[in-house]
Amino acid sequence: MNSYILDTFFTLFSFVLIIMMVPGFAMFEAGLVRTKNVVAVLTTNTMIYSVASMMFLLIGYHIAFGSFGSDSMSSWAVFLFQMAFVGKTVNIMSGGVSERTRIVPLIFFTIIMAGIIYPLVVNITWGSNFLNGTFLDISNMKDLAGSTVIHSTGGWALLAAILIIGPRKGRYRNGKIRVIPASNIPLVMLGAFMLWIGWFGFNGGSVGSISSKESANLVALTMMNTNTAGLAGAIMVMALTYFTYKKFDITMILNGALGGLVSITAGADVVGIYAPIIIGGIGGVLVFYAVSFFDRKKIDDPVGALSVHLINGIWGTIAVALFNSEYSLLTQLKGILVVAIFAFVSSYITLFIINKFLPFKADEEIEIEGLDSEECGMEAYPEFKKSF
């Protein structure tokens, strides 16, 4: 009974930490977009948490895991913990297409992603696994808290969305990349650290138990490794920005930290205390170079979500096998590939169909004016406007 209560409390506490990532995403994105689009970003993030969570309650959880049930802790705690994850896949996608995307079509995509696409990915990895015994069975892939299941799934959905929606107006002009600076650096900082704190529930809670000495030590190791990878990602990008530009780019540094956190998410519980320095450091390097790579390809991602979540989701899943010989590299790669094909194709088809009836991209005049007035009827900083 004591272990039941303790594990239930631990899971509920982890759920609360993960929910802190909702305002984390919102603040991070609100700081990186222009002031004329801040309310739309905040509204989108609120919508995603509300709609995605409700869809997971009504449909998604049953597709992923079957019926409610747990002997080791409260079934409702298990549900809430899993529900906390679902919106993150859409958060990743919505942030990367911000400043030009209307809210209503995003609502419809959120319904499909949270109700069907993400739950099916969970089903074949962490869940009841309808592919059991087939060639496509990837349930042996090691992915503790979702480097592939969550971050890469959201990243593939984002890539599909960018290909359909296109870049912001004026972002790429006459073969040149127009830099659009962040509007509120303090909000970016606040959001990034809220995400960082939430990651301790994300990864630590995924261990599943804390009611024995062994499980408590494993939770502590997992959280320590999570933090270490974030530190390494930030430090690596700090060095790269300084030696490349002779300046410290705080937005890039924070994305480096997030890249480190994504990269350790798959294997934080199965590597030693020094491996996360390498894993997270490489994650930071990948973010630094991937941002410019996507820009050169005219793939417009205002918050760097592809670089952080897609690229490091792949790297983190591979890193498990590189730093722990108990896991097969081929198995990890197979899992990455199966999820990639399913997540990208299903997201692209869904987005394409929705876009035919409800175009995602705002009209040019609205994009120039900003989404806040048209989509939400208010502005985040109305006093900044000159009055005549």
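Arg-168 and Asp-300 are both buried. In this predicted model, the two side chains form a salt bridge whose closest N and O atoms are 2.9 Å apart. Arg-168 lies in the loop between helix 6 and strand 1 (172-173), and Asp-300 in the loop between helix 10 and helix 11 (305-323), so the contact ties together parts that are 132 residues apart in sequence.

**Salt bridges**

The structure holds eight salt bridges in total. Another of them joins Lys-142 to Asp-269, with an N to O distance of 2.9 Å. This pair links distant parts of the chain, 127 residues apart: Lys-142 belongs to the loop between helix 5 (103-125) and helix 6 (147-165), and Asp-269 to the loop between helix 9 (250-264) and helix 10 (275-296). Lys-142 and Asp-269 are both buried.

A salt bridge also connects Lys-169 with Glu-364, at 3.5 Å from N to O. Here the partners are 195 residues apart, Lys-169 being in the loop between helix 6 and strand 1 and Glu-364 in helix 13 (residues 364-369). Lys-169 is partly exposed, with a relative accessible area of 38%, and Glu-364 is partly exposed at 46%. Through shared partners, salt bridges join Arg-34, Glu-99, Arg-168, Arg-171, Asp-295 and Asp-300 into one network.

**Aromatic contacts**

The count of aromatic pairs comes to 21. One of them is formed by Tyr-242 and Phe-243: the ring centres are 5.8 Å apart and the planes stand at 75°, so the arrangement is edge-to-face. Tyr-242 is partly exposed at 35% relative accessibility, whereas Phe-243 is exposed, with a relative accessible area of 60%.

The pair Tyr-348 and Phe-352 is stacked, because its ring planes are at 15°, with the centres 6.4 Å apart. Both residues lie in helix 12 (residues 329-357), four residues apart, which is about one turn of the helix. Tyr-348 is partly exposed at 31% relative accessibility, and Phe-352 is partly exposed at 41%.

Phe-56, Tyr-61, Phe-65, Phe-68, Trp-76, Phe-79 and Tyr-118 form one aromatic cluster. A charged side chain also meets a ring: Lys-334 lies over the face of Phe-135, at 4.8 Å from the ring centre.

**Pockets**

The table sets out the volume and lining of two pockets.

| Pocket | Volume | Main contributor to lining | Lining composition |
|---|---|---|---|
| Largest | about 770 Å³ | helix 10, six residues | 16 nonpolar, six polar, six charged |
| Second largest | about 260 Å³ | helix 4 (residues 75-96), four residues | seven nonpolar, five polar, no charged |

The largest pocket, of about 770 Å³, is lined by 28 residues, and the closest to its centre are Arg-171, Asp-249, Met-252, Val-291 and Asp-295. Helix 8 (213-245), helix 9, helix 10 and helix 11 are the elements that each give two or more residues to this lining. Arg-171 and Asp-295, named here among the residues closest to the pocket centre, also belong to the salt-bridge network.

The lining of the second largest pocket includes Phe-65, Phe-81, Phe-85 and Trp-126, together with Thr-11, Gln-82, Ser-206 and Gly-208. Phe-65 is also a member of the aromatic cluster. The lining of this second pocket contains no charged residues, whereas that of the largest pocket has six.

Terms used
Residues numbered from 1 in each chain as written. Predicted model: local features only at pLDDT ≥ 70, side-chain atom pairs only at ≥ 80, totals over all residues. Heavy atoms only, no water. Salt bridge = Lys/Arg side-chain N within 4 Å of Asp/Glu carboxyl O. Buried < 20%, exposed > 50% of the residue type's maximum accessible area, 1.4 Å probe, protein only. Phe/Tyr/Trp six-rings, centres within 6.5 Å; stacked < 30°, edge-to-face > 60°. Lys NZ or Arg CZ within 6 Å of the ring centre and 35° of its normal. 1 Å grid on protein atoms, 1.4 Å probe; cavity = no way out; pocket = protein on both sides within 12 Å on 5 of 7 lines; lining within 4 Å. Points joined across faces, edges and corners; volume = space filled by probe spheres on them. Nonpolar A, V, L, I, M, F, W, Y, C, P; charged D, E, K, R; others polar.
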